[in-house]
Amino acid sequence: MNNQKYLIAANWKQNGDAKTLIRLINDFIRLHKKVKPVCDILILPPAIYLETILNRLKHHKISRKRISLGAQNISSYENGAYTGELSVDMTKDYNCNYALVGHSERRHVFNEDDKIISKKVRLSIESGMQTILCVGETIIEYDKKLTKKVILRQLKSALVKSVDLFKSDHSKIIIAYEPVWAIGTGKTASLDDIRDIHSYIHNSLSKILGIKTNNIKILYGGSVNDLNASLILSLPNVNGALVGGASLNSKKFIDICSSI
Ligand code: PEP
């Protein structure tokens, strides 16, 4: 695992407009050229701006290996009469090679259940996407000490039907551990909790795969910023970060990317 690159992902969510997001990506590219961070970087823009951001990357001659693009969400259906939905294959037209599945806002605001998430994971991997599955407990579950139970359920239900697709290539799936209560709140999980839960996820993935160990990347997400990134990213089994709020500030985001 140590020889793998860290992945730092920017989840822009439903923020900004064409003007502000073009300014954000231009600023970030300028800083990226100066700082040259060694990690892999992923930008997850609102879907309607994928082409705009792709064109900015092309314009500045940034290879998709240095800064990748991904979808914040995909449909659980391949194609058809599903008004308002976006198929995983459509996102590939804009060079997306990552898809986020099961983000806590999808689970809790849009009521996506384990069954839907499992379908999305399978579709996404089948179509060749590096698929980031988000898992994490609510504050009530945390207080009741149910974190591990919840995470194991989320991992099993999302992954068991797709194990055949990533068993021989662990890079196809990435897990993001994001405690729901830490997202957008300014509260991060303690370093001890992150260490403990990431180790638990790593071991659970081996069990799901039926093997001794694995190379599946595990990102931490939940109020990561330029000040706490370095400590979080130095923990064992933390292979990157999923960043929301701080990714909307190019200086903060480049500082997170270069804190490894
Ligand atoms: C997220 O959206 O996945 C996230 C972690 O957001 P924030 O960094 O703002 O907590």
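Contact here means heavy atoms within 4.5 Å. Helices (H or I, at least four residues) and strands (E, at least two) are DSSP runs, numbered from the N terminus. This is a predicted model, in which local features need pLDDT of at least 70, side-chain atom pairs count only at pLDDT 80 or more, and totals for chains, interfaces and linings use all residues. Residues are numbered from 1 along each chain as its sequence is written, and side-chain values use heavy atoms, with hydrogens and water left out.

**View 1. Helix H2 and its packing partners.** Let's begin with H2, residues 50-59, where Leu50, Ile53, Leu54 and Leu57 are buried (under 20% relative accessible area, 1.4 Å probe, protein chains only). Down the axis of H2, these buried residues fall within an arc of 105° (taken from the directions from the helix axis to the C-beta atoms), so they line one face of the helix. They pack against helix H1 (18-35), strand S3 (67-71) and strand S4 (96-101). Just after H2 comes Lys61, with a positive phi of about 55°.

**View 2. Ile175 in the largest nonpolar core.** A nonpolar core is a set of buried Ala, Val, Leu, Ile, Met, Phe, Trp, Tyr and Cys residues joined through side-chain atoms within 4.5 Å. The largest one has 67 residues, and Ile175 is among those with the most contacts inside it. Beyond its neighbours within four places in sequence, Ile175 touches residues including Leu133, Leu155, Leu159 and Ile201. Another core, of 12 residues, lies apart and includes Leu7, Ala9, Ile132 and Ile174.

**View 3. Ile140 at the surface.** Here we meet helix H6 (residues 139-143), which holds Ile140. Ile140 is exposed (over 50%), with a relative accessible area of 53%.
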